[in-house]
Amino acid sequence: MALAACQGQDGTEVPAAASDEPISEDGRSYLSQPLVSEIYTADPSAHVFDGKIYVYPSHDIDAGIGDDDLGNQYAMRDYRVLRMDRIGGPVTIGPVALDVDQVPWASQQMWAPDAAYKDGTYYLYFPARDKTKDKNGLGAFRIGVATSDNPMGPFKPEPNYIPGSFSMDPAVFTDDDGTSYMYFGGIWGGQLQRWKDGVYDPNGSDTDLMQDDQPAIPAKVVRMAPDMKTFAEPVRDAVIVDEKGDPILGGDHDRRFFEAAWVFKRNGKYYFTYSTGDTHYVNYAIGDSPYGPFTYKGHILEPVQGWTSHHSIVEWDGKWWLFYHDTQLSGKNHLRNVKVTELKFNPDGTIPTINPFTD
Ligand code: FUB
């Protein structure tokens, strides 16, 4: 099987992946192969910086914790950046770019990150639990920022989380005028349901609000201040509506937002893309403003192997690419591997759904 060539940039030994079988457990062939197999990687946020492709993934590890609805099994502690000169070419695995022990406010669970660039500085945005204790003895998710003059890091964290930030899965989109917006949030283990009216309830629900006939809990969007380290305004809702303009309902699990927001712009339209969590789709909705509302359009990616689905979309060399993950290498939900495949558009701007298997 042709895996992309890999190397540990810092020369350290990294554990070999358990398996790289090209056929899934139920006999299906994977559409694409893992970008790296030396470490487990997930939640790939891809960017083009200075003509190269950089992927900011979660770095999955096995902490020996069983699956639960809080996501305790996703016990990641650090970040490592992937770099490639071209898609399909060799992938360099960077050294540790940021470790949880370097972040004064964070206790655990360095989940899906993103990155941005402005005026010579690279910004790494990352969620982690703070040091408070909820009813489960766990911290509240907050979003931090760290900076570097190198896209591979190492990144120096700010001493506190971004004021006013909460929940997880930050994704920063920079518009044509240079204004950046952060999209963030996730329900269930991501805790959005605990932030009703902007106040955190440490005894709040671990899963949904169980309000199936009410508008779904939306992702959040906020304009970044020019310093890229703070919010410029109060956080807003990024609402997904149906073709009639009505908000998608909480009970509509095939269409409602769960986590993994990612926004890109094409032909003047803002594409808000996201995961549906327990129904395992990556979906998209289109709007005329970075704040939305976004009108639901369909699935981008059918369910992959593994519980989570998390992606990014980037234009490179005249084509659009979907970075995503599955569990091909491990067969375990919390030990994932990132992949990439081309994303196409129909003439009307809609997206043909991608099947992560070829049969
Ligand atoms: O990787 C941990 C969490 O799993 C992410 O933050 C979610 O998006 C899901 O992929």
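A residue is called buried when its relative accessible area is under 20%. By that cut-off, strand β3, made up of residues 52-60, is mostly covered in this predicted model: eight of the nine residues in β3 are buried.

The surroundings of β3 are a good place to begin a tour. Strand β2, which spans residues 40-49, pairs with β3 in the antiparallel sense, and eight bridges link the two. One of the facing positions is T41, which stands opposite H59 of β3. The two strands form a hairpin, with two residues between β2 and β3. In that turn sits D50, whose phi is positive, at about 55°. Strand β3 also has a link to β4, the strand of residues 78-84. Here, too, the strands run antiparallel, now joined by three bridges. Across this pairing, I53 stands opposite M84 of β4.

Further along the chain there is an open sheet of five strands, arranged in the order β14-β18-β17-β16-β15, and its pairing is mixed. Strands β14 and β15 stand at the edges with a single partner strand each, so one side of β14 and one side of β15 are left without a neighbour in the sheet. Inside this order, β17 (residues 282-287) and β18 (residues 294-301) pair in the antiparallel sense over five bridges. Among the facing residues of this pair, I286 has T295 of β18 as its bridge partner. The loop between β17 and β18 holds P293, and the peptide bond that leads from G292 to P293 is cis, with omega near 0°.

T295 also appears in the surroundings of D242, as one of the residues that D242 touches. D242 is found in the loop between β14, residues 240-241, and β15, residues 259-266. Although D242 is buried, it has no salt bridge. The nearest side chain of opposite charge belongs to R255 and is 4.7 Å away, whereas a salt bridge calls for a side-chain nitrogen within 4 Å of a carboxyl oxygen. With residues up to four places away in sequence set aside, the contacts of D242 are I248, R255 and T295.

Several other loop positions have backbone features worth a look. A second cis peptide bond is the one between G153 and P154, where omega is about 5°. P154 belongs to the loop that connects β8 (141-148) with β9 (156-157). In the loop between β9 and β10 (171-174) lies D169. The phi of D169 is near 55°, a positive value in a residue other than glycine. D169 is also buried, its relative accessible area being 4%. Another positive phi, near 60°, is found at W188, again a residue other than glycine. W188 is placed in the loop between β11 (180-184) and β12 (219-223). With a relative accessibility of 14%, W188 counts as buried, because the cut-off lies at 20%.

The tour ends with N346, in the segment after β21, the strand of residues 337-343. N346 is partly exposed, with 30% relative accessible area. Leaving out the neighbours within four places in sequence, the contacts of N346 are with I351 and P352.

How values were computed: Residues numbered from 1 in each chain as written. Predicted model: local features only at pLDDT ≥ 70, side-chain atom pairs only at ≥ 80, totals over all residues. Heavy atoms only, no water. Helix = DSSP H or I, 4+ residues; strand = E, 2+ residues; numbered from the N terminus. Buried < 20%, exposed > 50% of the residue type's maximum accessible area, 1.4 Å probe, protein only. Lys, Arg positive; Asp, Glu negative; His and termini not counted. Contact = heavy atoms within 4.5 Å. Pairing = 2+ DSSP bridges.
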